[in-house]
Amino acid sequence: MRRTARLLTGTALAVAAVGLATAPAYGGSTESLEVFPSTVVPGADVTVNTAACGTDGTATGDASAVGAGIFILAASAHEQDAIGQFKVPPSAQPGTYEIVAKCSQGRQVTGDLIVNLTATREQIHLPRGHVNTGVGGALGPDPVQTAAGVAALAVAAAGGTWLLHRRARGDGI
Amino acid sequence: MRRVSNTAIASVTVVALCSGTWLLHNGAQVHPPPQPSAAQAGTGDALRQGAPALRHSPPERIRIPSIGVNAPLMGLGLTPQGSLDVPPAGEKNLAGWYQAGTTPGERGTAIVAGHVDNANGPAVFYNLGALKKGSAIEVARRDGGTALFTVDAVEVYAARDFPDEKVYGAASRPELRVITCGGDYSKATGYQGNVVVFAHLTGSR
């Protein structure tokens, strides 16, 4: 649905662009709506600005494509841009959305906003709670040391027995 | 044949007796894995920018030179209770990563976990609690590159009060968590918590 709508909008814009191209030139860089940041995660704040509305121009923004509704672009001192803000809904799905601003004088500019989830992975269940990564096996008796100890004690017992034998035979201990 | 002198036999016997006693005594002692000191806790420098994020690429190995770790990584999912699954306990030199989440080096929080020990003794992350701020962690990736992380903090959290958001939550820069068991230990309930290493991407090669 959205793709179809986008396609239609694109077509309409292309037609409009052709119309503009044949009309007296307005200066290329003022035609677009700047979207910052242009790639966001759901829940983010987005600022848009445009110089297309001229000095002291205001505009009505439309971010309903991404579910954020209508917002106002006010005139600002900053390079005579009209500036507005909206919040991407936390429920927004990944995709590319067209943000539209219509100047009070009637001109319309658009910019793209990309929503993705790589930073938040909201649709993926994050792990919860602690991780069971040990059973205490390092805490019990060390089997290697224990075996070595038993072997050493066996040697001691053999030595002791040998000495006792010698003494019993009168070998002079 | 020259007879072995009584003195030699007696000496060997005494040495064997002493060392045997020491070995048995020491072997039966409890040697808990190292735990981080309070000085390694987080300082809230999470806003410091690191290296630019890398593209998505699954990790293959983790290396932590300062504690001698060099282990392959397997993909991990979640248990039915929603906690992070763990590698098979029998494999003492194997760690895992949460494969539904961020890959290490990508923007966001990548999660790696491994055992501190198993029934036979120490395992891959036995010395994780000995890491210090500034320690290096390397993750070799399937794309042939290596993501280089620097440790920001090493913390211990009790299982019953585990800070899910801090450990697993989203990050605006490429970050890594390395998790193993830790905290107090009791025979009845096992380890009471987790050692969690917080690191962020500082380079790649």
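In what order do the elements of chain A run from the N terminus on? In this predicted model, the order is α-β-β-β-β-β-β-β-β-α, which amounts to 2 helices and 8 strands. Of the 173 residues in chain A, 29% are buried. If we look at contacts within chain A between residues at least 6 apart in sequence, 56% of them join residues at least 24 apart.

Now to the place where the chains meet. Chain A gives 36 residues to the contact and chain B gives 57 residues. On the chain B side, several elements supply at least two residues each, among them helix 1 (6-27), strand 9 (174-186) and strand 10 (190-204). Helix 1 of chain B provides the largest share, with 13 residues. Here is how the residues on the chain B side divide by character:

| Class on the side of chain B that touches chain A | Number |
|---|---|
| Nonpolar | 31 residues |
| Polar | 22 residues |
| Charged | 4 residues |

Helix 1 of chain B invites a further look. This helix has 22 residues and reaches 31 Å from its first C-alpha to its last, close to the expected 32 Å. Its buried residues are Ala16(B), Gly20(B) and Leu23(B). Seen down the helix axis, the buried residues of helix 1 of chain B fall within an arc of 70°, so they line one face. As a general reminder, an α-helix has 3.6 residues a turn, so residues three or four places apart point the same way. Helix 2 (143-168) of chain A is included in what covers the buried residues of helix 1 of chain B. The face turned away from that buried side carries the exposed residues Thr7(B), Ser11(B), Cys18(B) and His25(B).

Definitions and conventions:
Residues are numbered from 1 along each chain as its sequence is written. Chains are lettered from A and ligands numbered from 1 in the order in which they are written. This is a predicted model: local features need pLDDT of at least 70, side-chain atom pairs count only at pLDDT 80 or more; totals for chains, interfaces and linings use all residues. Two residues are in contact if their C-beta atoms, placed from the backbone, lie within 7 Å. Helices (H or I, at least four residues) and strands (E, at least two) are DSSP runs, numbered from the N terminus. Ala, Val, Leu, Ile, Met, Phe, Trp, Tyr, Cys and Pro count as nonpolar, Asp, Glu, Lys and Arg as charged, and the others, Gly among them, as polar. A residue is buried if 20 or more other C-beta atoms lie within 10 Å of its own, exposed if 12 or fewer, and partly exposed in between; C-beta atoms are placed from the backbone. The expected span of a helix is 1.5 Å times one less than its number of residues. The arc is that of the directions from the helix axis to the C-beta atoms.
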